[in-house]
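User: I'd like a close look at one spot in this model, starting from a single side chain and what it reaches. After that, please walk me outward through the packing around the rest of the chain.

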Amino acid sequence: MEMQKNPLGFKVLMVYDGLGENNASARRIRALKHDLEAKEIQVELSECFNDARAVIASDPTVECVLLNLDDDPDHKYRHTLELLENLRERNPDVPVFLMACRTLASEVPADILNKVNDFIWILEDTADFIAGRITAAIKRYRKYILPPMFKALAKFAKVHEYSWHTPGHTGGTAFLKAPAGRAFFNFFKEPVFRSDLSISVGELGSLLDHSGPIGESEKYIAEVFGSDRSYTVTNGSSTSNRVILMASVTRNQVALVDRNCHKSVEQGLTMCGAVPAYLIPARNQYGIIGPIPPQRLAKEAVDGVLKDNKLIKEGIDPRPVHAVVTNSTYDGLCYNVNRVKELLGQSVDRLHFDEAWYGYARFNPMYCERYAMCGDIKNYNRDDPTIFATQSTHKLLAAFSQASMIHIREGRKPIDHKRFNESFMMHASTSPFYPIIASNDISAKMMDGTRGKALTEDSIYEAIDFRQTVARLHAEFADQDDWFLNIWQPDYVTDAKSGQKVPFYEASAEQLAHDPSAWYLRSGDEWHGFGEMEDGYCMLDPIKVTVTTPGMLDNGNYDQWGIPAAILTAYLDNRGIVVEKTQDFSILFLFSLGVTKGKWGTLLNALFAFKEDYDNNTPLKRVLPAIYKDNEERYQNMGLRDLADEMFAKMAELGTTKALNAGFSVLPQPDMTPVESFENLVRNNVESLKLNEMAGRTVATGVVPYPPGIPLLMPGENAGDANGPLLGYLKSLEAFDRHFPGFTHDIHGVEPDADGNYEIMCIKQN
Ligand SMILES: *Cc1c(COP(=O)(O)O)cnc(C)c1O
């Protein structure tokens, strides 16, 4: 097995017009190119400034630029300067050499000088000498741009050693011995296997001890994300949440928990034996989960919640030791964290923000004050609560799946590293996958300095472009009494210059991309549907885009007609477009860092095609072939509009959206804590019951409908009355699923039997 040359794929960009000519400069530059290539440095030639600009804009692997000084007196260095300005905006660090022959350094304007590193005097210096200087600059640059763990890993993977330690595939060689293994090896290619190393490789340090390059990478991450300490976790934020809960709360201690919490928080509460007391978020007519309103975070409200909790009885200290808040919400609602701290800090010393979908927030001023690690760590008031954040690096930054980070700011009641690490190790493998660890420090490096702002701003602009286009189309179609999809966002924006209210689609994109207040949920604005809202408390994140389908009025009543969003989702799926989340009349799209310029054009085309197929009532056989094929009898001779009409009528009859809101607006009664419920499960003191057998029964597992993905029932909670809101909502989903095969809901904790009857595990009554 031979390591590939230039494994990082870096290159030198040479900008020079007339390399093939027969004159002294061209000959010298040809020799230089040759010398560099002999040193295994790849050189890409660009013969005009426009081409060079295109390379710089699209190719971040350029590790050095050799730029011909455009010293034609007519231009006065204009091209050179423009190119440099372009380059420095994107990359302040890449070394740039100006190749000059006639000009004196003293004649070059300061504007240019301060953007380049050095001159190459083509006719005076030897090619060898120049090549040497370039290689030295490249080395320094590589050292600088690569974060600690990846740098060490890439270096180590180059060392060809015979290993006698795990992993037993030893750099991939074990796979070569059988056809399936060989196919696996060929697919992933050698560097993956060479970087799959174990803790026995001392040079790379250890994740459990946070030593060596791995430890350095965590320190680097802490610097970039503004924490006192950061931890790399290789099994997702699911594990990060459990680590924090296990470190902070123990048996029979009270934790305040956002009811809009991820499954892993429920599991963490089970593992640590906490007594949870829930904070209820707002929700709107679309079933979108809002923030927990500020008045519910205030001391008196929290005291009320604790007082009402049946599980906080004699012998249990009612003072909560920990609070978990999901920020931002799945749908992109972000809190003013300082306000949350001020309110919730009156009840609890440790705040834990689940920011699984929100790792980018620190890198764009748009989110100022709206993420856990906001502001400068040096100014953190140590009398404030201790703050934890968990971020799934893989979700909205660039990292391998499972890569996650825990960030900690120490305030009141801190947990020192030694104690915290016991919980960390309890959840960690002793053989973590090193490429995941390296991808965490790479994602930090990618956001460091000015780059994070540039990258996040690109996503924000793309999202705004899409939002404005759809809103404009919606308005245009409405003018002709026709329909189109819309977007859940402010209808009007106050123009910063004129002070006038303008329709969202006419607002300046520049303002929308830089003015957070354009995205606030304000009292008196109808669009968000959360009613009264303290100004600036909550903001809609521009990059989380909720497209709405017709059918739901602002007042929460069904319209005369409608198109359930599940149909649009299935339609898009058939065209190879997979959405993030579907609710009754809305679909969520993420404009993540990976979104390429104009990618949304494809989506827009598909939305147009959907409108056309809906209006033409195109046969399902053609537009939803997979669902049709599996359920031919059910959907025979139906068109897209027929299906939408029938489904909409059924939803109106069942009142699914209202049932959802009712189901989630009450807090079920807890009969026991999550851990007590889990103990019953382990002892097999449980039975599966149908919905009509569940009145008054205690569920043994959480019941979490997706969407919205927040628990309807937590383990140990009571299902309530036969006709109460909880069982009522589940019954409406069950009835819907029976009617529309191919569109059934996905509900964790529910197992439908062969006839489609929901079954849920409950605690046996002895
Ligand atoms: C996805 C998610 C998690 C879990 O993150 P993984 O990295 O997938 O383990 C935790 N919390 C929230 C709010 C999430 O959406």
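Analyst: Let's start with T386, whose side chain reaches the backbone oxygen of R412 at 2.6 Å. Keep in mind that this is a predicted model. The same side chain also has a polar atom 2.8 Å from the backbone nitrogen of G411, so T386 has polar contacts with the backbone of both G411 and R412, because N or O pairs within 3.5 Å count here. T386 sits in strand β12, which covers residues 386-391, and is buried, since its relative accessible area is 1% and the cut-off is under 20%. Setting aside residues within four places in sequence, T386 touches D349, R350 and L351, and also R409, E410, G411, R412, K413 and P414.

One of those contacts, R409, brings us to β13, the strand of residues 404-409. I406 belongs to that strand and is buried too, with a relative accessible area of 0%. With neighbours within four places left out, I406 is in contact with A389 and T390. Its other contacts include R229, S230, Y231 and V233, along with S240, V243, I244 and F420. P191 is another matter: 215 residues away along the chain, its C-alpha atom is 28 Å from that of I406.

Now for the cores. The largest nonpolar core holds 124 residues, and L344, Y367, F466, L572, L643 and F743 have the most contacts inside it. Helix α21, residues 599-615, supplies the largest share, with 8 residues. Apart from this core there is another one, of 27 residues, with L13, L67, L83 and L146 among them. Back in the largest core, F743 is worth a click: beyond four places in sequence, it touches A566, I567, A570, L624, I627, Y635, L643, M647, F736 and D737.

Helix α21 also packs against α25, which runs over residues 640-654. Their axes come within 7 Å and cross at roughly 85°, so α21 is roughly perpendicular to α25. On the α21 side you'll find F610, D613, Y614 and D615, and they meet L640, R641, A644 and D645 of α25. By class, that contact is made of 4 nonpolar and 4 charged residues, with no polar ones. Ahead of α21, in the loop that follows β20 (586-590), is K597. K597 is exposed, because its relative accessible area is 76%, over the 50% cut-off. Its C-alpha atom is 10 Å from that of A463, although the two are 134 residues apart along the chain.

For a contrasting helix pair, try α6 (residues 148-158) and α9 (residues 212-225). Their axes are 7 Å apart and the angle is about 150°, so these two helices are roughly antiparallel to each other. P148, M149 and A152 in α6 meet P213, I214, E216, S217 and Y220 in α9. Sorted by class, this contact has 6 nonpolar, 1 polar and 1 charged residues.

Last stop is helix α27, residues 674-682, where P674, V675, S677 and N680 are buried. The elements covering those buried residues include α11 (263-272), β8 (275-279), β21 (686-690) and β25 (758-763). Just after α27, N684 takes a positive phi of about 60°.

Definitions and conventions. Residues numbered from 1 in each chain as written. Predicted model: local features only at pLDDT ≥ 70, side-chain atom pairs only at ≥ 80, totals over all residues. Heavy atoms only, no water. Core = buried A, V, L, I, M, F, W, Y, C linked by side-chain atoms within 4.5 Å. Buried < 20%, exposed > 50% of the residue type's maximum accessible area, 1.4 Å probe, protein only. Helix = DSSP H or I, 4+ residues; strand = E, 2+ residues; numbered from the N terminus. Contact = heavy atoms within 4.5 Å. Axes fitted to C-alpha atoms, helices over the stretch in contact; angles between N-to-C directions. Parallel < 35°, antiparallel > 145°, perpendicular 65-115°, else oblique. Nonpolar A, V, L, I, M, F, W, Y, C, P; charged D, E, K, R; others polar. Polar contact = N/O pair within 3.5 Å; in protein donor to acceptor, adjacent residues only side chain to side chain.
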